[in-house]
Amino acid sequence: MKVIKAKDYEDLSRKAANIISAQVIIKPDSVLGLATGSTPLGIYRQLIEWYKKGDIDFSDVTTINLDEYRGLSPGNDQSYHYFMQENFFRYVNVPKDRIHIPDGEDPDSDRACRDYDVIIKKAGGIDLQLLGIGRDGHIGFNEPGAAFGLETHCVDLAESTMAANARFFGDKDKVPRQAYTMGIKSIMQAKKVLMVASGREKAEIIRDAILGPVTPQVPASILQMHPDFTLVIEREAASLI
Ligand code: F6R
């Protein structure tokens with residue numbers, strides 16, 4: 001495990017974007033595993049800036065996102081399709097047919113998840129997987145207790161996750177109850193994993209994930225076992241390690 005400390009969020013975003021950029025320069029046809037959430041936003045902004053300057057080219061890149069709410073259409077402004085489009089894809093040149101996000105609209109969850117695993121395998125696996133971390137240690141939608149051996153699967157969202165997301169949907173009843181997510185096994189099969197964490201509210205879980213025992217109760221703790229895991233962490237989030 002490599003731990004790279006950043007002095008603030010801007011620095012974290014630049015350092016993580018540099019790692020992604022280096023990956024794409026060294027292997028232009030890289031398969032990038034991407035994440036939503038607030039932490040990667042600065043990375044996407046930085047990559048867009050470098051793309052506009054002509055410093056990075058995504059024309060041979062394939063992207064595979066971690067997760068999507070079940071039942072939301074790509075046009076729904078709370079879907080992860082929408083998030084990725086608005087915060088990254090509309091500004092860069094990843095070819096449309098190489099952008100992959102689980103199909104939240106597929107009502108057949110077994111098929112949706114199986115198809116996604118086929119996509120990952122056909123792409124040759126993920127070269128670099130970007131991850132955030134939830135305050136309870138979740139990665140993707142793999143919440144505490146999730147089995148380490150799963151690939152893409154459908155999860156029931158925890159009541160606490162639905163309650164936390166209610167603010168985005170205006171009404172708790174509108175919050176999707178399920179999501180499709182890559183499993184821990186899918187994430188661990190990525191050749192490299194890059195996790196980003198920012199803010200004092202992540203300090204405890206980072207300490208547990210990095211220094212504590214490897215346990216399904218802290219899903220991110222499994223990353224201690226990954227052969228090429230890099231954590232880029234801002235000072236406040238790193239305050240307990
Ligand atoms: C995002 C995802 C989530 C987030 C996590 C942290 O696709 O799967 O696991 O990475 O909830 O989110 P932020 O960065 O908003 O703290």
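On a 1 Å grid over the protein atoms alone, a pocket is an open set of points where a 1.4 Å probe fits, with protein on both sides within 12 Å along at least five of seven lines; lining residues have an atom within 4 Å of a point. Keep that in mind for the first stop.

This is a predicted model, in which local features need pLDDT of at least 70 and side-chain atom pairs count only at pLDDT 80 or more, while totals for chains, interfaces and linings use all residues. Residues are numbered from 1 along each chain as its sequence is written, and side-chain values use heavy atoms, with hydrogens and water left out.

**Stop 1: the largest pocket**

Select G37, S38, Y80, H138 and N165. Of the 38 residues that line the largest pocket, these lie nearest its centre. The pocket's volume is about 1,100 Å³, taken as the space filled by probe spheres set on grid points that are joined across faces, edges and corners.

Now colour by element. Helices (H or I, at least four residues) and strands (E, at least two) are DSSP runs, numbered from the N terminus. Which elements give two or more residues to the lining of the largest pocket? They are β4 (67–69), α3 and α5 (159–169). The most comes from α5, with seven residues.

Next, colour the lining by class. It holds 15 nonpolar, 15 polar and eight charged residues. Here Ala, Val, Leu, Ile, Met, Phe, Trp, Tyr, Cys and Pro count as nonpolar, Asp, Glu, Lys and Arg as charged, and the others, Gly among them, as polar.

**Stop 2: helix α2**

Select residues 41–52. This is helix α2, with 12 residues. Check its length from end to end. The expected span of a helix is 1.5 Å times one less than its number of residues. For α2 that gives 16 Å, and the end C-alpha atoms are 17 Å apart, which agrees.

Show the side chains. Buried means under 20% relative accessible area, exposed over 50%, and partly exposed in between (1.4 Å probe, protein chains only). In α2, the buried residues are G42, I43, Y44, Q46, L47, I48 and W50. What covers them? The cover includes α1 (9–26), β2 (31–34), α3 (80–87), β6 (128–131) and β9 (192–197).

Step just past the helix to G54. There phi is positive, at about 85 degrees.

**Stop 3: helix α3**

Go to N87, which sits in helix α3. Contact means heavy atoms within 4.5 Å. Leaving out residues up to four places away in sequence, N87 touches L41, Y44 and I48. N87 counts as partly exposed because its relative accessibility is 27%. For a long reach, pick A220 too: its C-alpha atom is 25 Å from that of N87, and the two residues are 133 apart along the chain.

Q85 is also in helix α3. With a relative accessible area of 33%, Q85 is partly exposed. Add I99, 14 residues from Q85 along the chain; their C-alpha atoms are separated by 10.0 Å.

**Stop 4: the loop at D106**

Select D106, in the loop between β5 (99–100) and α4 (109–122). Is D106 buried or exposed? At 7% relative accessibility, D106 is buried. Beyond its neighbours within four places in sequence, D106 is in contact with R70, R111, A112 and Y180. Then pick S73: the C-alpha atoms of S73 and D106 lie 9.5 Å apart, with their positions 33 residues apart along the chain.

**Stop 5: salt bridges**

A salt bridge is a side-chain nitrogen of Lys or Arg within 4 Å of a carboxyl oxygen of Asp or Glu. The whole structure has 12.

Start with R14 and D11. Their closest N and O atoms are 3.4 Å apart. The two residues are about one helical turn apart, because they are three residues apart in helix α1. R14 is partly exposed at 34% relative accessibility, whereas D11 is buried at 6%.

Move to E204 and R200, a salt bridge with its closest N and O atoms 3.3 Å apart. E204 is partly exposed at 34%, and R200 is partly exposed at 37%.

Then take D208 and R207. This bridge has its closest N and O atoms 3.2 Å apart. D208 is partly exposed at 29%, and R207 is partly exposed at 32%.

Finish by selecting K27, D29, D127 and K191. Salt bridges that share partners join these residues into one network.
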